[in-house]
Amino acid sequence: MCRTILYNMVVLFVILLNSYVTRASDPDPVQDFCIANTESASHAKQCKNSSLVTVEDFVYAGIKVPGKFGPTGLSGVSVNSNVFPGLNTLGMSLVRADFEVGGVNVPHFHPRATEIAFVLEGTIYSGFVDTNNKVFAKVIEKGEVMVFPRGLVHFQMNVGDTPATILGSFDSQNPGSQRIPAAIFGSGIKEKLLEKAFGMSSKEISKLKKKLGPH
């Protein structure tokens, strides 16, 4: 009898734990909306007084044009609750990514969100790597969509002869992003470890750290 009760309690605990984990990413909103009050001095995002909310709080025009291009030929403009307060508590965000010809979005991952990438213009070699190190990649074109499961390393490269644009959507208002090259060679990991891990010389590691480290 005691064993049966204990077993049932364990099963219930596992069910409740699983339910918590699956919901722990972005909690469900408890009201219609919560426009982040950007004038608040608090670090917590307090809601703007609902009587002061207008339609302009639900519109954002910051991705009409590309942002500044980096050395890999990529321009990324994030749209999250920090720049678009109307997204606060809604559990979503997006990014506009523009690629010069040959431009690359280096291998990276989002620890808190699945991403869906929609090709607005151009031809993109796009893919991700699963936890068995299997690559799922192909060339996608204007009008096509690809999904990157949460937490998996993914990448993109413009393989066309014209600039390309992607719109990425996330199921979190704060998906996070960690770029693999910078995380490894630009984070301060000891060179000895990197030398052994990658079979590279101290000179090669130093060169990469100088290139990819913070400036």
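Contact here means heavy atoms within 4.5 Å. The model is predicted: local features need pLDDT of at least 70, side-chain atom pairs count only at pLDDT 80 or more, and totals for chains, interfaces and linings use all residues. Residues are numbered from 1 along each chain as its sequence is written, and side-chain values use heavy atoms, with hydrogens and water left out.

The average pLDDT (the predictor's confidence in each residue, from 0 to 100) is 87 for the protein. At least 70 is reached by 84% of the residues. Residues 6-24 fall below 50, and this stretch has 1 contact in the model beyond near neighbours in sequence. Where pLDDT is low, the predicted coordinates should not be read in detail.

The largest nonpolar core (buried Ala, Val, Leu, Ile, Met, Phe, Trp, Tyr and Cys residues joined through side-chain atoms within 4.5 Å) has 13 residues. Phe-99, Ile-124 and Ile-166 have the most contacts inside this core. At least two core residues come from each of strands 2 (93-99), 4 (115-121), 5 (123-129), 7 (145-148) and 9 (164-170). Strands are DSSP runs of E, at least two residues, and helices are runs of H or I, at least four, numbered from the N terminus. Leaving aside neighbours within four places in sequence, Ile-166 is in contact with residues including Val-95, Phe-99, Leu-120, Ile-124 and Gln-156.

The whole structure holds 1 disulfide (cysteine sulfur atoms within 2.5 Å). Cys-34 and Cys-47 form this link, with sulfur atoms 1.9 Å apart. The link is left-handed, at -105° about the S-S bond. Both cysteines lie in the loop between helix 1 (2-23) and strand 1 (74-79), so the pair ties together parts 13 residues apart in sequence. Cys-34 is buried (under 20% relative accessible area, 1.4 Å probe, protein chains only) at 3%. Cys-47 is partly exposed (between that limit and the over 50% of exposed residues) at 36%.
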